[in-house]
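Me: Could you help me see how the labels people put on a structure follow from their definitions? I'd like to go one label at a time.

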Amino acid sequence: MSIWEYANPKKFITTTTPIVPWVLGLSIALLVVGLTWGFFFTPDDFRQGSTVKIIYLHVPAALMAINAWFVMLIASLIWLVRRHHVSALAARAAAPVGIVMTLIALITGAIWGQPMWGTWWAWDPRLTSFLILFLFYLGYMALWEAIEDSDTAADLTSVLCIVGSVFAVLSRYAVNFWNQGLHQGTTVPVATGERSISDIFFVPLVMCMVGFGLLFLALVLMRTATEIRARRIKALEARMRG
Amino acid sequence: MNLDFWSSFKDFIYEIYPPFWDAVVAFLGKYAVEVLSAYFASIILLVVIVVMSIRRSRRVRAQLTAVEARKDKS
């Protein structure tokens, strides 16, 4: 069995429809447990006080905001190379979820930054690249809506997605590149495994990260199926008119 | 936005129901408003995207059924 079988819209819908409620349910359960655990059953940080509890929202949301863009990038490249409509629609479906994750990361970051740094916002490399990523999400969604022909829209948004990937990479690695600004480095570096966080905070954080990841997956699968159906409606109506 | 805004916001929240707020401050300390605001804003955004996705999915599915029925008739 090849992965490209799922590029068939019918196959994609019949395969994903039954699993979406399970993935969505699991993600909500993980988020409820992870956030409750983090909020009620973890101690305050000796320096940051109770604001450390914002980590359970800020870090997973920021992680997913960047990863959502990479998912869109892969889907866009598949569209550009293999012309599978499902991949273009998956990229389109991921954008609203990604922008919500970016917005959560920006809002919680500002709320966290105010008491810790004494400012809501600083033109720090990571914060600035994250804001630009947010603007790219807006531009990407606006471009999809602005172009009538869906194939042309998919082509142009794919190119925009490739360009915006620079800022997705910068959002993650800006601290390492420039080594300046207010924002700290990565809390959980996947490559080295040397995390700068105690187990007390780490376990609920991982639960929230997995929860956010599964929520993203469930929403993208659901929204891709919706996009496929909306496209079929358009095609049927055009056929009936003609 | 500045610190005056934040202080007024804290006062406003306190006025809504002081006993609740006293309990929250006892648990979260002086950063109670910051922590609660972050959770409130994030949970609202997550609920909005989930509800919107489910509603649109149901609406489009119903539309497709109606269009397919119309196509079969014609």
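Reply: Sure, let's start with burial: buried means under 20% relative accessible area, exposed over 50%, and partly exposed in between (1.4 Å probe, protein chains only). What you see is a predicted model, where local features need pLDDT of at least 70, side-chain atom pairs count only at pLDDT 80 or more, and totals for chains, interfaces and linings use all residues. Residues are numbered from 1 along each chain as its sequence is written, chains are lettered from A and ligands numbered from 1 in the order in which they are written, and side-chain values use heavy atoms, with hydrogens and water left out.

Me: Okay, is A:Thr224 buried or exposed, and how do you know?

Reply: A:Thr224 has a relative accessible area of 0%, so it is buried. You'll find A:Thr224 in helix α6 of chain A (a helix is a DSSP run of H or I, at least four residues, numbered from the N terminus). Leaving out residues up to four places away in sequence, A:Thr224 touches A:Phe12, A:Val86, A:Leu89, A:Ala90 and A:Ala93; touching, or contact, means heavy atoms within 4.5 Å.

Me: What does the side chain of A:Thr224 have a polar atom 2.5 Å from?

Reply: That's the backbone oxygen of A:Val220.

Me: How do you know that A:Asp44 and A:Lys53 form a salt bridge?

Reply: Their closest N and O atoms are 3.9 Å apart, and a salt bridge needs a side-chain nitrogen of Lys or Arg within 4 Å of a carboxyl oxygen of Asp or Glu, so the pair passes. The two partners get different burial labels: A:Asp44, at 39%, is partly exposed, while A:Lys53, at 1%, is buried.

Me: What makes A:Arg92 and A:Glu227 a pair that links distant parts of the chain?

Reply: A:Arg92 sits in helix α3 of chain A and A:Glu227 in helix α6, 135 residues apart. Their side chains meet in a salt bridge at 3.7 Å, N to O. A:Glu227 has a relative accessible area of 8%, so it's buried. Both belong to a network of salt bridges that also takes in A:Glu145 and B:Arg56.

Me: Which salt bridge does A:Asp151 form?

Reply: A:Asp151 pairs with A:Arg231, with the closest N and O atoms 3.6 Å apart. Here A:Asp151 is in helix α5 (residues 150-178) and A:Arg231 in helix α6 of chain A, 80 residues apart. At 28%, A:Asp151 is partly exposed, and A:Arg231 is too, at 27%.

Me: How many salt bridges are there between chain A and chain B?

Reply: Three. One joins B:Glu68 and A:Arg232 at 3.3 Å, N to O. As for the side of chain A that touches chain B, α6(A) gives the largest share, 14 residues.

Me: And how many residues are in contact across chain A and chain B?

Reply: 40 residues of chain A are in contact with 32 of chain B.

Me: Last one: why is B:Phe27 called partly exposed?

Reply: Its relative accessibility is 36%, so it counts as partly exposed. B:Phe27 lies in helix α2 (residues 18-28) of chain B. B:Phe27 also helps make a nonpolar surface patch of about 580 Å², together with A:Val33, A:Trp37, A:Phe40, A:Phe41 and A:Val203. (Patch residues have over 30% relative accessible area and no salt bridge; like charges are joined within 9 Å, nonpolar side chains (Val, Leu, Ile, Met, Phe, Trp, Tyr) within 5 Å.) Helix α1 (residues 9-40) of chain A gives the most to that patch, with three residues.

How values were computed. Areas by Shrake-Rupley, 256 points an atom, 1.4 Å probe, with all protein chains shown as cover. Helix = DSSP H or I, 4+ residues; strand = E, 2+ residues; numbered from the N terminus. Polar contact = N/O pair within 3.5 Å; in protein donor to acceptor, adjacent residues only side chain to side chain.
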